Amino acid sequence: MSAPVDATATQSWKQLTALAEGFTPDLRAWFAQDPGRVDRFTHTAADLRVDLSKGLVDEGVLAALLDLAEAVGVARRRDAMLSGEHINVTEDRAVLHTALRLPAGARLSVDGQDAVADVHEVLGRIYDFAERVRSGAWTGTTGKRIRTVVNIGIGGSDLGPVMAYEALAPFRHPEIECRFISNIDPTDAALTLQGLDPETTLFIVASKTFGTLETLTNARLCRAWLLEQLGDAVDQKDAVAKHFVAVSTNLEKVAAFGIDPSNAFGFWDWVGGRYSVDSAIGTALAIAIGPEGFADFLAGFHAMDEHFRTAPPAENVPLLMGLLNVWYVNFLDAHTHAVLPYSQLLHRFPAYLQQLTMESNGKGVRWDGTPVTTGTGEIFWGEPGTNGQHAFYQLIHQGTRLIPADFIAFANPAYALKDDAAGADVDVHELFLANFFAQTKALAFGKTADEVRAEAPDQSDAIVAARTFTGNRPTTSIMAPALTPSVLGQLIALYEHITFVQGVVWGIDSFDQWGVELGKQLALQVSPAVGGDAEAIAGQDPSTRALIEYYRAHRK
Ligand code: F6P
């Protein structure tokens, strides 16, 4: 793998630096003087309409950003990824989550193996299994059909499935509920298992490595719960076989845990954990929305992959959004990025994106081991509208920080409800969307002191200042006809590729996650001290020792 191009040494970076110095964005004036702005800055990617026109970007900036993409070789690296080159250099792996959504019959060999055939072989087994659970053909050890599926996983083995399960609520099987256990806090397992009938509960142990402490601990807790609840009347081996399946790249460890490998669904080391919801890790989702829904979900990802692969740079939405983020972070000093879905169904989408973006691009060295040459990795955060409006939007509107925000909304609601207040029969979705449109307007165009004064001329200067909005706060508006499995797949793939683009500009390996290792290692080391081992306690630094002593003094 060749060394990354240092983006900051390119001509386009210098040009962007110069543009940023004299940059005085004025969205009011830009829109007033340029009626074509919306059309020029709005693009279509599969079913998504993406409006960048309320961003702090003009033609000059855009041209320089596209030059930058060219200079650092985004397209070259994209093609290297799509063709299975080992672009995850620190783990010496291909990066091929895009292969998970290639249609059957497509050709892609990974390290000499027909990846597409492998993917579809596993998909066929998942679909068959999902159908059996959905139809009631798969029964528990006492012959009853499954009513609850509990997914045990963490990180990418949890966030994707739970986010998609929530997002696609209207598409779920009406009589099968999925629950999710991730945290090693025993409260998570205790509360999730509360009220469940062991005879009708199926556990999916989802772990890419099958070595994750949290997941294996929770899996053992659930196995013990199941066997205890079922009692002596049942055969324990049969109970585990009928109530536990596994998803992993490590089928040997699955067998060692006691799960029959014929009840295991595999995937491959070329799928990163945070890129795996469309692999067997999505088995709980496949049960919930059925094979057809899952196939539609995959088709959505693939449509966005094709857009990313083939759309010209100036119309390539993931490329443009990734570059815009670079502009905001590296030239306009943004540190965070808000994601604000105007869809309650997407309430876990920001949390999902936190792992995708921050585990991918939160790095301080480049893929050749040299230090990064500029800031990397924004903090992603958000809550669904309108909840966020009544909580943190104040800071986005009037605070001193620049917070680029992505607004996401759908023309059609999942549930169309009318409010007959005062006999007006108001479509509540319209009220909801009015809030989305109003917020992006307010952020872009603000409210001048003169406009504030015009509303009530006798206000003091202090009140006028407090009620003034600067505007010029950048937003991107993403809309689609409705939140279907396909559209959800498109949205996820969009953010995967945005993350990729930023990683390439910064020269980092977006597909490893060494930063999570030290804490895991130390947790194992600290564990004996927490358990009371005097020598281990003495070996701690003073602060950690005092914390452990506090714990030991107060634990009942
Ligand atoms: O510790 C971080 C991480 O490796 C994530 O990247 C991953 O999604 C998560 O842990 C869970 O890993 P696994 O699926 O192997 O249990």
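Tutor: Let's start with a definition: a lining residue of a pocket is one with an atom within 4 Å of a point of that pocket. Keep in mind as we go that this is a predicted model.

Student: Okay, which residues lie nearest the centre of the second largest pocket?

Tutor: The general idea comes first: rolling a probe the size of a water molecule over the atoms shows where empty space is left. In this case, Pro 413, Ala 414, Tyr 415, His 429 and Phe 432 lie nearest the centre, out of 21 lining residues. The volume of this second largest pocket is about 450 Å³.

Student: Which helix gives the most to the lining of the second largest pocket?

Tutor: That's α16, spanning residues 428–445, with four residues. Sorted by class, the lining of this pocket holds 15 nonpolar residues, five polar and one charged.

Student: And how much space lies in the largest pocket?

Tutor: About 960 Å³. The largest pocket is lined by 38 residues, and Thr 209, Thr 212, Val 516, Glu 517 and Lys 520 are the closest to its centre. Its lining breaks down into 16 polar, 13 nonpolar and nine charged residues.

Student: Where does the largest pocket lie with respect to the domains?

Tutor: Look at who supplies the lining. Domain 2 (97–289) and domain 3 (516–554) both contribute residues, so the largest pocket lies between them. Helices α9 (213–230), α14 (349–361) and α20 (517–530) each put in at least two residues, and α20 gives the most, with five.

Student: Let's try single residues. Is Gln 459 buried or exposed?

Tutor: Check the relative accessible area against the cut-off, since buried means under 20%. Gln 459 comes in at 14%, so it is buried. That residue sits in the loop between α17 (449–455) and α18 (461–466).

Student: What does the side chain of Gln 459 reach at 2.9 Å?

Tutor: The backbone oxygen of Ala 456. There's also a polar contact of 2.5 Å between the side chains of Gln 459 and Arg 467. Setting aside neighbours within four places in sequence, Gln 459 is in contact with Val 452, Arg 453, Val 464 and Arg 467.

Student: And Asn 325, is that one buried or exposed?

Tutor: Use the same reading: a relative accessible area of 6% makes Asn 325 buried. You'll find Asn 325 in helix α13, residues 317–331. Again leaving out neighbours within four places in sequence, its contacts are His 337, Glu 378, Phe 380, Ile 498 and Gln 502.

Student: How far apart are the C-alpha atoms of Asn 325 and Asp 461?

Tutor: They're separated by 36 Å, with the two positions 136 residues apart along the chain.

Methods
Residues numbered from 1 in each chain as written. Predicted model: local features only at pLDDT ≥ 70, side-chain atom pairs only at ≥ 80, totals over all residues. Heavy atoms only, no water. 1 Å grid on protein atoms, 1.4 Å probe; cavity = no way out; pocket = protein on both sides within 12 Å on 5 of 7 lines; lining within 4 Å. Points joined across faces, edges and corners; volume = space filled by probe spheres on them. Nonpolar A, V, L, I, M, F, W, Y, C, P; charged D, E, K, R; others polar. Domains from an automatic or database assignment. Buried < 20%, exposed > 50% of the residue type's maximum accessible area, 1.4 Å probe, protein only. Polar contact = N/O pair within 3.5 Å; in protein donor to acceptor, adjacent residues only side chain to side chain. Contact = heavy atoms within 4.5 Å.
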